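Here is a short tour of a protein chain for readers who like to think at the level of side chains. Have the sequence and the 3D view open as you read.

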Amino acid sequence: MGGTGLLCQTLLLSLMGTIVATLEGSCDDLHKWRLLLGAWDIQWAAFGPLGPRVQERKPVQILTHEQHSIQLNTNDIALVEMDHPAPCDDVVQIVCLPRSAESPIRAPESRIVAGWGFKRAGSAKPVVQEAKVTVMDLDKCNQSDWYHGLVHSNNLCTSCSDENMDT
């Protein structure tokens with residue numbers, strides 16, 4: 001999504017805005033950003049021609065979390081206003097978020113997650129993947145053989161240890 005080839009996962013909040021997770025660089029240089037809605041294969045979506053169902057947008061404004069810290073890897077989330085609306089179809093949908101009054105997700109609940117990355121150790125996949133994972137207790141997640149204390153209370157740690165994957 002960024003000018004350096006950085007890929008982030010986004011959630012469509014409205015026809016004019018999206019939320020971006022996993023910020024790893026500057027949000028100041030808007031002309032370097034590409035928002036690709038409906039992209040599922042990062043090999044062609046990031047570097048080549050877009051598929052017929054991919055909607056490309058440019059950001060008008062990016063609002064990062066007021067307590068975002070690259071050094072601490074906390075609050076790495078932003079709201080992005082798009083240059084024009086994104087019509088919904090069978091691959092681009094507005095996300096349903098829980099109400100603020102609903103209880104938070106707790107261990108050991110199961111959830112379905114999706115994204116790019118490693119489904120098995122050492123094998124990156126360029127296509128969006130889906131996996132059923134279990135929410136982990138933060139104390140276990142922060143053990144030395146996992147994340148060495150780097151997971152914060154506002155993060156959600158999940159695992160599917162029998163398939164050696166986490167998020």
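## A cysteine link and its surroundings

Cys-157 counts as buried, because its relative accessibility is 3%. Keep in mind from the start that this is a predicted model, so the values below are computed from predicted coordinates.

What does Cys-157 pair with? A disulfide joins Cys-157 to Cys-141, with an S to S distance of 2.0 Å. The two cysteines sit in distant parts of the chain: Cys-141 belongs to helix H2 (residues 138-141), while Cys-157 lies in the loop between H2 and strand E9 (158-160), and the two are 16 residues apart. The angle about the S-S bond is 70°, and the link of Cys-141 and Cys-157 is right-handed. Is Cys-141 buried or exposed? Cys-141 counts as buried, because its relative accessibility is 0%. For the bench chemist, it may help to recall that a disulfide is a covalent bond between the sulfur atoms of two cysteines. The structure holds one disulfide. Another cysteine to look at is Cys-88, which is partly exposed with a relative accessible area of 39%.

## The overall layout

Let us step back to the whole chain. Its secondary structure comes to two helices and ten strands. Read from the N terminus, the order of elements is β-β-β-α-β-β-β-β-β-α-β-β. The chain has 167 residues, and 27% of them count as buried. Among contacts between residues at least 6 apart in sequence, 50% join residues at least 24 apart.

## The nonpolar core and strand E6

Which residues make up the largest nonpolar core? There are ten of them: Leu-12, Trp-33, Leu-35, Leu-37, Ile-62, Ala-78, Val-80, Met-82, Ala-86 and Val-92. Two elements give two or more residues to this core, namely strand E3 (35-37) and strand E6 (77-82). The largest share, three residues, comes from E6.

Strand E6 is worth following residue by residue, since its side chains alternate. On one face are Ala-78, Val-80 and Met-82, which are buried; Ile-77, Leu-79 and Glu-81 point to the other face and are not buried. E6 also has a partner: it pairs with strand E5 (residues 59-64) in the antiparallel sense, over five bridges. Within this pairing, Leu-79 of E6 is the bridge partner of Leu-63.

## The loop between E5 and E6

Asn-75 is found in the loop between E5 and E6. Is this residue buried or exposed? Asn-75 counts as buried, because its relative accessibility is 15%. A polar atom of the Asn-75 side chain lies 3.1 Å from the backbone oxygen of Gln-67. Leaving aside residues up to four places away in sequence, Asn-75 touches His-65, Gln-67, His-68 and Asn-154.

## Charged pairs

How many salt bridges does the structure hold? There are three, and the table sets them side by side.

| Basic residue | Acidic residue | Closest N to O distance |
|---|---|---|
| Arg-53 | Asp-90 | 2.2 Å |
| Lys-58 | Glu-56 | 3.8 Å |
| Arg-111 | Glu-109 | 2.7 Å |

Take the pair of Asp-90 and Arg-53. Asp-90 lies in the loop between E6 and E7, and Arg-53 in the loop between helix H1 (42-47) and strand E4 (55-57), so this salt bridge ties together parts that are 37 residues apart in sequence. Asp-90 counts as exposed, because its relative accessibility is 62%. Arg-53, at 44% relative accessibility, counts as partly exposed.

Now the pair of Lys-58 and Glu-56. Lys-58 is partly exposed, with a relative accessible area of 36%. Glu-56 is partly exposed too, with a relative accessible area of 28%.

In the remaining pair, Arg-111 counts as partly exposed at 34% relative accessibility, and Glu-109 is partly exposed with a relative accessible area of 30%.

## A cis peptide bond

One more backbone feature deserves a look. Where is the cis peptide bond? It joins Ala-107 and Pro-108, with omega about 0°. Pro-108 is found in the loop between E6 and strand E7 (110-120).

Definitions and conventions:
Residues numbered from 1 in each chain as written. Predicted model: local features only at pLDDT ≥ 70, side-chain atom pairs only at ≥ 80, totals over all residues. Heavy atoms only, no water. Core = buried A, V, L, I, M, F, W, Y, C linked by side-chain atoms within 4.5 Å. Buried < 20%, exposed > 50% of the residue type's maximum accessible area, 1.4 Å probe, protein only. Helix = DSSP H or I, 4+ residues; strand = E, 2+ residues; numbered from the N terminus. Pairing = 2+ DSSP bridges. Disulfide = S-S within 2.5 Å. Polar contact = N/O pair within 3.5 Å; in protein donor to acceptor, adjacent residues only side chain to side chain. Contact = heavy atoms within 4.5 Å. Salt bridge = Lys/Arg side-chain N within 4 Å of Asp/Glu carboxyl O.
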